[in-house]
Amino acid sequence: MGARALGPLLGCCLLLTLVCGPALGRVPRDQQTEQEHEVTPEDTTAEGTKEPPPPLDPTERTEEDRERYGAHRNAELPASRCFRCCDPGAPVYQPLPVPQINITILKGEKGDRGDRGLQGKFGKTGSAGARGHTGPKGQKGSVGAPGDRCKSHYAAFSVGRRKPLHSNDYYQTVVFDTEFVNLYGHFNMFMGKFYCYVPGIYFFSLNVHTWNQKETYLHIMRNAEEVVILYAQVSERSIMQSQSLLLELREQDAVWVRLFKGERDNAVFSDEFDTYITFSGYLVKPAAEP
């Protein structure tokens, strides 16, 4: 048996000794009465058993006690003598105090903590519950900090020509001599071409004045591709003709005007006093925007 188990066992034995010891040494009151009234040979006669003397009067008992214990008033009465609670002058015995034992001394020391057990298996996933009610609408939030300024993209040009142009044995690029708008220089006046630096959707417009008794035949070109035609038949009267369109351009695409080569004379009218030929274009929507 270990040292920890001996401590509580010894404490229990001590407790039983303190509680049960005085009780084991006492003689029951009935046995004491029987001992007092036990018949002795001296009390018997020839006729039979002698009757016990009658009990003394309480007053006589008191006087007898005074005579017997007068010299020793301060001495305690014999512990073996019995008294009734109604007798005058009966000694008063103080109750035995109940022993108090500190239970904490019987408690053993705290044991060491055991090892942690293994983690159990996860349970099955339960079914999804019903969707709850829609909560109340929250309060309006505060105004946030201003964001960065959006970067805007622009591209635009508008040019004109004050000199007439006649066709010959080859195609001719219409070169312009008047610059109305040329934002960022995207239109090359020497080459007569607009170069795309901002990819996106562009709008283009071409306006010319026909020559009477002559045919007018031009193309709006994208790189080397003929996109649209501006055409006017031979007429006795000269009129203004126009053509416009939207084009989706990629970076470095070139847009320009070409005079077509034909069997008959092909010409556009203009003079040095007024501008009859114009070519314009601008960016509608950059490709970077969603």
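This report covers confidence, salt bridges, selected residues and one surface patch in a predicted model.

## Confidence

The mean pLDDT of the chain is 77, and 66% of the residues score at least 70. Residues 32–49 have a pLDDT below 50, and this stretch has 7 contacts in the model beyond near neighbours in sequence. Where pLDDT is low, the coordinates of a prediction should not be read in detail.

## Salt bridges

Side chains of opposite charge can pair when their charged atoms come close. Searching the whole structure gives 2 salt bridges.

One salt bridge joins Glu226 and Arg258, with 2.4 Å between the closest N and O atoms. Glu226 belongs to strand S9 (residues 225–232) and Arg258 to strand S11 (residues 254–259), so this pair ties together parts that are 32 residues apart in sequence. As for accessibility, Glu226 is partly exposed, at a relative accessible area of 43%, whereas Arg258 is buried, at 10%.

Another salt bridge links Arg222 to Glu225, where the closest N and O atoms are 3.4 Å apart. Arg222 is partly exposed, with 21% relative accessibility. The value of 21% puts Arg222 in this class because buried means under 20%. Glu225 is also partly exposed, with a relative accessible area of 40%.

## Tyr171 and the segment around Phe260

Tyr171 sits in the loop between strand S2 (165–166) and strand S3 (172–173). With a relative accessibility of 36%, Tyr171 counts as partly exposed.

Setting aside neighbours within four places in sequence, the contacts of Tyr171 are Arg258, Leu259, Phe260 and Lys261. Arg258 is also the partner of Glu226 in a salt bridge. Tyr171 and Phe260 are 89 residues apart along the chain, yet 5.5 Å separates their C-alpha atoms.

## His209

Strand S7 (residues 200–210) contains His209. This histidine counts as buried, at 11% relative accessibility.

When residues up to four places away in sequence are not counted, His209 touches Ser238, Ile239 and Met240. The list of residues that His209 touches also includes Val268, Phe269 and Tyr276. Of these, Met240 lies within the residue range of strand S10 (residues 240–249).

## Asn182

Asn182 is part of strand S4, which spans residues 178–182. The relative accessible area of Asn182 is 19%, and this residue is buried. The assignment holds because the cut-off for buried is under 20%.

The side chains of Asn182 and Glu179 are joined by a polar contact of 2.9 Å. Not counting residues up to four places away in sequence, Asn182 touches Ala156, Phe157 and Phe187.

## Nonpolar surface patch

Leu246, Tyr282 and Val284 make a nonpolar surface patch of about 300 Å². Leu246 is located in strand S10 (residues 240–249). Its relative accessible area is 55%, and Leu246 is therefore classed as exposed, the cut-off being over 50%.

Technical notes:
Residues are numbered from 1 along each chain as its sequence is written. This is a predicted model: local features need pLDDT of at least 70, side-chain atom pairs count only at pLDDT 80 or more; totals for chains, interfaces and linings use all residues. Side-chain values use heavy atoms; hydrogens and water are left out. Helices (H or I, at least four residues) and strands (E, at least two) are DSSP runs, numbered from the N terminus. Buried means under 20% relative accessible area, exposed over 50%, partly exposed in between (1.4 Å probe, protein chains only). A polar contact is a pair of N or O atoms within 3.5 Å; within protein, one must be able to donate a hydrogen and the other to accept it, and residues adjacent in sequence count only if both atoms are side-chain atoms. Contact means heavy atoms within 4.5 Å. Patches are made of residues with over 30% relative accessible area and no salt bridge: like charges are joined within 9 Å, nonpolar side chains (Val, Leu, Ile, Met, Phe, Trp, Tyr) within 5 Å. Accessible areas come from the Shrake-Rupley method with a 1.4 Å probe; for residues, only the protein chains shown count as cover. A salt bridge is a side-chain nitrogen of Lys or Arg within 4 Å of a carboxyl oxygen of Asp or Glu. pLDDT is the predictor's confidence in each residue, from 0 to 100.
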